[in-house]
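Please look at the sequence and the model side by side before reading on. The paragraphs below go from the whole chain to one helix and then to single residues.

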Amino acid sequence: MQVQTHVDIHSEWGIVAARQAGRKLAREIGFGSVDQARVTTAISELARNIYLYANKGQIHIEEVTVSGKRGIKIIASDEGPGIKDIRRVMEDGYTTSGGLGAGLPGVKRLMDEFKIDSEPDEGTTITAVKWLR
């Protein structure tokens, strides 16, 4: 049975809950401590972006199996303002919050698959997958 977890993000506690759920599932799937940390960091960045830019949204975490490969899929979704220039937010150092501007590019580097769907004024969905090696 594939394990799924859904965490609502509407406070900083939601970010913590999503991180804990992601680490737990990554450990259960068999990821080593370094990859558990990568998955947890990616979830943290995605959840923090939801809280910071959209105020609320969801983090969905599930085990995936494709062609014999096992992994963990993270889907971060919100109905916030959307991303007007996806190419720009994927540049290292670009920020609208005064942070380091490493969030989404960092998530892409930490995970094996990464996809952004965003519409201005309708929201954003980011899907990221990490495969077990």
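What follows is a guided reading of this model, beginning with how its values should be understood.

This is a predicted model, in which local features need pLDDT of at least 70 and side-chain atom pairs count only at pLDDT 80 or more, while totals for chains, interfaces and linings use all residues. Residues are numbered from 1 along each chain as its sequence is written, and side-chain values use heavy atoms, with hydrogens and water left out.

The protein chain contains four helices and five strands, where helices (H or I, at least four residues) and strands (E, at least two) are DSSP runs numbered from the N terminus. Following the sequence from its start, these elements come in the pattern β-α-α-β-β-α-α-β-β.

How is the chain as a whole packed? For 133 residues, a compact globule would have a radius of gyration near 14 Å, and the protein chain agrees with this because its own value is 14 Å; the radius is taken over C-alpha atoms, and the globule rule is 2.2 Å times the number of residues to the power 0.38. Along the principal axes, the C-alpha atoms fill a box of roughly 35 × 25 × 25 Å. Of the 133 residues, 41% count as buried, a word that here means under 20% relative accessible area, with exposed meaning over 50% and partly exposed in between (1.4 Å probe, protein chains only). Contact means heavy atoms within 4.5 Å, and among contacts between residues at least 6 apart in sequence, 60% join residues at least 24 apart.

Helix α2 (33–54) deserves a slower look. At 1.5 Å a residue, its 22 residues should span 32 Å, and the end C-alpha atoms are 31 Å apart, which agrees; the expected span is 1.5 Å times one less than the number of residues. Buried residues of α2 include V39, I43, L46, A47 and I50. An α-helix has 3.6 residues a turn, so residues three or four places apart point the same way. The cover over the buried residues of α2 includes β1 (4–9), α1 (12–29), β2, β3, α4 (103–110) and β5 (123–131).

Two residues of this helix can be set side by side. S44 lies in α2 and counts as buried because its relative accessibility is 4%; leaving aside neighbours within four places in sequence, S44 is in contact with I15 and R19. L52 is also placed in helix α2, but L52 is partly exposed, with a relative accessible area of 46%. The C-alpha atoms of L52 and H10 are separated by 9.6 Å, although these residues are 42 residues apart along the chain.

Which residue follows α2, and what is its phi? The helix is followed by N55, whose phi is positive, near 75 degrees, and N55 is a residue other than glycine. N55 lies in the loop between α2 and β2 (57–66), where it is exposed, with a relative accessible area of 54%. A positive phi is also found at S67, near 50 degrees, again in a residue other than glycine. S67 belongs to the loop between β2 and β3 (69–78), and with a relative accessible area of 78%, S67 is exposed.
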